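Please open the structure in your viewer and keep the sequence panel visible beside it. The tour below proposes one selection at a time and explains what is found there.

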Amino acid sequence: MTQPVLEGLRGVVFTESKLAFIDGEKGILKYVGIPIQELAENSSFEETSFLLLNARLPNKSELEEFDAALRSRRVAPAGLIELMRMFPKDLHPMHALRTAVSSLAMFDADADNTTEAGKLEKTYNLIAQMSTIIAALYRLQQNLEPVAPRADLTHAANFLYMLHNEVPSPEQARLFDIALVLHADHGMNASTFTGIATASTLSDMYSSITSAIGSLKGPLHGGANEAVMDMLEDIGEVENAEAFIGAKLERKEKVMGVGHAVYKFFDPRSRVLKEYAAVVAAKHGESKQYQILNKVEEVVIARLSAKGIYPNVDFYSGVVYSDLGIPKAFFTPVFALARISGWMASIIEYTRKNSILRPTVNYIGPDEAHWIPPEQR
Ligand SMILES: CC(C)(COP(=O)(O)OP(=O)(O)OC[C@H]1O[C@@H](n2cnc3c(N)ncnc32)[C@H](O)[C@@H]1OP(=O)(O)O)[C@@H](O)C(=O)NCCC(=O)NCCS
């Protein structure tokens, strides 16, 4: 018997979660009940990761302990760094990141431990080392030596330090920290669902995160922030923006960084990032990219808001990352760097009451057919 098809699984509820709450009509996002704006203003990536993993805020000593555990695990296996030296230099970093995270399993003798304690152990390692891996990938692609992590810096500051071999200013570190908090989780998005689908077979955590990274890579998901920067380059000048967007819509092409499967109003994360992009612009002068972005936002809202299409998180993140010296090709890896906490928290939450994911399709092929020899076809 056929059933109504819910395209893209929209509206299908397959589990319960205490982690992210999203009201797409009103543009609300909360982690464990706390509005994202409050977390962006007050929390750190470390604290937000604890919040997601434990469904509650840590007290002071719990946070110190969690932070210390992450700091002590920052060094990636030497064998992995050696392997990464063999990666082609012109490889897109998301291919490299996916391969590196997959390879991490080979350096963990306990890779298949999927007990609660085992999953937490992998979580700490992955949160801590993803940062080291991404920074090393960047430096190796630039023919530079990877920079060893420092345990005396925050997660955000240490990443920027390993990227540029220079300790960032407190303002830069805080800006990056806020971007990490904003990207740490987002409910049942495609990559989280992909990670859960893999984990639901009781496969190992490295396989689950490798699957999630593959899903995040697509331009309709995590790859959109890079596509926004490409679009700004194609537009070139502010005065071209209106005609460029008009022509794109005429050709029925999507404008990158706008529209969302859930939000039919402003994505609250884009509003926070817009505020910080404005602070950066006020401090360093408005870049041409920033001016074009503002114009594109104006045109998109005028032309597409009736359809519920507004800027999403990827719209402003690129200009913020550019200001921090993060190259465009590394925007999506940086997204993964933040989302690892949400992925792990969702996987751990789901697999506590695990049920292997196995949806169904309405079969529309022939009722009956028979094999015939090739010469008679
Ligand atoms: C994110 C996204 C895939 C969500 O899509 P969705 O909810 O499935 O919406 P649909 O693709 O079904 O589009 C619904 C309508 O809005 C239009 N639309 C959606 N996103 C659009 C965009 N970015 N630019 C122009 N039109 C868009 C569609 O053309 C469609 O119009 P129609 O009804 O006249 O055919 C989509 O908005 C998109 O591709 N955005 C650009 C990529 C991006 O920024 N992704 C990052 C998400 S955080």
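The model on display is a predicted one.

**Stop 1: the sheet**

Select residues 20-23, 28-31 and 34-35, which are the strands β1, β2 and β3. Together, 3 strands make up an open sheet, ordered β1-β2-β3, with antiparallel pairing. β1 and β3 are at the edges and have a single partner strand each, so one side of each has no neighbour in the sheet. As background, the strands of a sheet pair through backbone hydrogen bonds, and they may do so in parallel or antiparallel fashion.

**Stop 2: β1 against β2**

Keep β1 and β2 in view; the two strands run antiparallel and are joined by 4 bridges. Which residue of β2 is the bridge partner of I22? The partner of I22 is L29. Two further pairs can be selected: D23 has I28 as its bridge partner, and A20 has Y31.

Next, display the side chains. In a regular strand, side chains alternate between the two faces of the sheet. β1 shows such an alternation: A20 and I22 point to one face and are buried, whereas F21 and D23 point to the other face and are not buried. In β2, L29 and Y31 form the covered face, while I28 and K30 form the uncovered one.

Now move to the turn of this hairpin, where 4 residues lie between β1 and β2. Select G27 there, which adopts a positive phi near 70 degrees.

**Stop 3: β2 against β3**

Return to Y31 and look towards β3, where I34 is the bridge partner of Y31. The pairing of β2 with β3 is antiparallel and comprises 2 bridges. How many residues lie between the strands in the hairpin of β2 and β3? There are 2 residues between them, and V32 in this hairpin has a positive phi near 50 degrees.

**Stop 4: two helices in contact**

Select residues 45-54, helix α2, and residues 60-71, helix α3. Their axes are 10 Å apart, and the helices pack at an angle of about 105 degrees. Angles of 65 to 115 degrees count as roughly perpendicular, and therefore α2 is described as roughly perpendicular to α3. To see the contact itself, show E46, E47 and F50 from α2 together with E62, L63, F66, D67 and L70 from α3. These contact residues comprise 4 nonpolar and 4 charged ones, with no polar ones.

**Stop 5: two asparagines in loops**

Select N143, in the loop between α6 (116-141) and α7 (155-164). The phi of N143 is positive, about 60 degrees, although N143 is not a glycine. Is N143 buried or exposed? It counts as exposed because it has 7 C-beta neighbours inside 10 Å.

Continue to N165, in the loop between α7 and α8 (170-183). N165 also is a residue other than glycine with a positive phi, here near 55 degrees. N165 is exposed, with 12 other C-beta atoms within 10 Å.

**Stop 6: the surroundings of the ligand**

Select the ligand and the 16 residues around it. Which of these residues come nearest? They are A224, K254, V255, G259 and N312. The shell around the ligand consists of 9 nonpolar, 4 polar and 3 charged residues.

**Stop 7: V361 and P4**

Finally, select V361, in the segment after α16 (331-352). V361 is exposed, with 8 other C-beta atoms within 10 Å. Add P4 to the selection: V361 and P4 are 357 residues apart in sequence, while their C-alpha atoms are 9.9 Å apart in space.

Technical notes:
Residues numbered from 1 in each chain as written. Predicted model: local features only at pLDDT ≥ 70, side-chain atom pairs only at ≥ 80, totals over all residues. Pairing = 2+ DSSP bridges. Buried ≥ 20, exposed ≤ 12 C-beta atoms within 10 Å, placed from the backbone. Near = placed C-beta within 6 Å. Nonpolar A, V, L, I, M, F, W, Y, C, P; charged D, E, K, R; others polar. Axes fitted to C-alpha atoms, helices over the stretch in contact; angles between N-to-C directions. Parallel < 35°, antiparallel > 145°, perpendicular 65-115°, else oblique. Contact = placed C-beta atoms within 7 Å.
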